[in-house]
Amino acid sequence: MAKILIVEDEEPILNLIRMNLVKAGYQCGISMDGEEAADRIQEEDFDLILLDIMLPKLDGYEVLEYAKSQEIPVIFLTAMGDTAQKVRGLKMGAEDYISKPFDIAELLARVETVLRRCRKLDQSLRIGAIELRPESRTVLKNGAPVELTPKEYDLLYLFMRNRNRALYRETIYEHVWGGEYPGTGRTVDLHVQRLKKKLGLEKEIVAIYKVGYRLVG
Ligand code: CA
């Protein structure tokens with residue numbers, strides 16, 4: 001599952017894009033200003049960024065520089081008929097652009113094409129000695145396979161896709177077990193403890209008081 005950051009300060013457009021990408025099976029992050037987008041780009045692992053140009057704090061061209069430094073492909077969301085924006089974006093290194101208002105089917109097609117071209121689909125994830133390979137759902141430690149239960153795998157995948165971010169127990173529960181967090185019980189904690197032990201990630205997966213956990217690295 002590819003993870004996409006949507007940067008757009010017009011909420012209806014942002015929500016429309018997010019809704020459709022989630023429906024298509026992508027994991028989405030959102031930012032409504034350029035500064036926050038730049039922070040998230042440096043802290044998290046995104047596979048693609050959909051980037052508006054006119055944004056508060058930092059504009060899309062400035063945010064593009066952060067994306068390039070992390071080697072994350074960018075599709076610009078440009079104003080219709082603004083050829084200068086399109087040309088400038090492409091010259092600066094954007095992979096593609098799409099004019100607003102756009103057709104959702106076209107947006108999804110462009111997203112898929114750029115992800116495939118940049119080989120961001122099913123790319124393996126690493127932290128320290130641990131490597132996770134999404135295409136085969138396997139986990140290696142120092143190159144040797146580690147046996148994980150499906151829940152442990154899903155948990156590790158969620159952590160690795162959200163490196164350095166605080167994950168609420170509620171969020172973890174929803175992603176890994178599905179459905180609403182029961183509010184009590186130690187299911188999440190017990191699975192996290194077991195995962196830490198199995199993979200030797202005691203230092204990397206840290207508990208956050210009253211919140212949940214964070215994978216640091
Ligand atoms: Ca805008």
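**Exercise 1. The S7–S8 hairpin**

Find which residue in S8 stands opposite Glu-131, and describe how S7 and S8 pair.

Solution.
Step 1. Glu-131 stands opposite Leu-140 in S8. The model used in this and the following exercises is a predicted one.
Step 2. The pairing of S7 with strand S8, residues 138–141, is antiparallel and runs over four bridges.
Step 3. Four residues lie between S7 and S8, and the two strands form a hairpin.
Step 4. In the turn, Arg-137 has a positive phi of about 50°. Arg-137 is a residue other than glycine. With a relative accessibility of 46%, Arg-137 is partly exposed, because that class lies between the 20% and 50% cut-offs.

**Exercise 2. The S6–S7 hairpin**

State how many bridges join S6 to S7, and which residue in the turn has a positive phi.

Solution.
Step 1. S6 and S7 run antiparallel and are joined by three bridges.
Step 2. Within this pair, Ile-127 stands opposite Ile-130 in S7.
Step 3. The two strands form a hairpin with two residues between them. Gly-128, in the turn, has a positive phi of about 55°.

**Exercise 3. Backbone features in two further loops**

Locate the cis peptide bond that involves Pro-101, then place Asn-142 and classify its exposure.

Solution.
Step 1. The cis peptide bond joins Lys-100 and Pro-101, with omega at about -5°.
Step 2. Pro-101 is in the loop that connects strand S5 (96–100) and helix H5 (104–117).
Step 3. Asn-142 belongs to the loop between S8 and strand S9 (144–146). Asn-142 is not a glycine, yet its phi is positive, about 50°.
Step 4. The relative accessible area of Asn-142 is 64%, so this residue counts as exposed.

**Exercise 4. The cysteines**

Determine how many disulfides the model contains, and explain the result for Cys-28 and Cys-118.

Solution.
Step 1. The test requires two cysteine sulfur atoms within 2.5 Å.
Step 2. Applied to this model, the test gives zero disulfides. Cys-28 takes part in none, and the nearest cysteine sulfur to it, in Cys-118, is 17 Å away.
Step 3. Seen from the other side, the closest cysteine sulfur to that of Cys-118 is in Cys-28 at 17 Å, which is too far for a bond.
Step 4. Cys-28 is partly exposed at 23% relative accessible area, and Cys-118 is partly exposed at 21%.

**Exercise 5. The largest nonpolar core**

Name the residues with the most contacts inside the largest nonpolar core, and find which element gives the largest share of it.

Solution.
Step 1. The core has 26 residues, and Leu-156, Phe-159 and Ile-172 have the most contacts inside it.
Step 2. Elements giving two or more residues to the core are strands S6 (125–127), S7 (130–133) and S12 (212–215), together with helices H6 (150–161), H7 (169–176) and H8 (187–199).
Step 3. H6 supplies the largest share, seven residues.
Step 4. Beyond four places in sequence, the contacts of Phe-159 include Leu-167, Ile-172, Val-192, Leu-195, Ile-205 and Tyr-213.

**Exercise 6. Two buried residues**

For Leu-64 and Tyr-157, give the element, the exposure and the contacts beyond four places in sequence.

Solution.
Step 1. Leu-64 is part of helix H3, residues 60–69. Its relative accessibility is 0%, so Leu-64 is buried.
Step 2. Leu-64 touches Leu-51, Val-74, Phe-76, Gly-89, Met-92, Gly-93 and Ala-94, leaving aside neighbours within four places in sequence. The C-alpha atoms of Leu-64 and Ala-94 are 7.5 Å apart, although 30 residues separate the two in sequence.
Step 3. Tyr-157 is in helix H6. At 11% relative accessibility, Tyr-157 is also buried, because the limit for that class is under 20%.
Step 4. With residues up to four places away not counted, Tyr-157 is in contact with Met-1, Leu-125, Leu-132 and Pro-134. Tyr-157 and Arg-126 are 31 residues apart along the chain, and their C-alpha atoms are separated by 10 Å.

**Exercise 7. The largest pocket**

Give the volume of the largest pocket and identify the element with the largest share of its lining.

Solution.
Step 1. The volume is about 420 Å³.
Step 2. The lining has 19 residues, and those closest to the pocket centre are Gln-27, Cys-28, Gly-29, Arg-165 and His-175.
Step 3. Helix H1 (11–23), strand S2 (27–31), strand S10 (166–168) and H7 each give two or more residues to the lining.
Step 4. The largest share, four residues, comes from S2.

How values were computed: Residues are numbered from 1 along each chain as its sequence is written. This is a predicted model: local features need pLDDT of at least 70, side-chain atom pairs count only at pLDDT 80 or more; totals for chains, interfaces and linings use all residues. Side-chain values use heavy atoms; hydrogens and water are left out. Buried means under 20% relative accessible area, exposed over 50%, partly exposed in between (1.4 Å probe, protein chains only). A nonpolar core is a set of buried Ala, Val, Leu, Ile, Met, Phe, Trp, Tyr and Cys residues joined through side-chain atoms within 4.5 Å. Contact means heavy atoms within 4.5 Å. Two strands pair if DSSP finds at least two bridges between them. On a 1 Å grid over the protein atoms alone, a cavity is a set of points where a 1.4 Å probe fits but cannot get out, and a pocket is an open set with protein on both sides within 12 Å along at least five of seven lines; lining residues have an atom within 4 Å of a point. Grid points are joined across faces, edges and corners, and a volume is the space filled by probe spheres set on the points.
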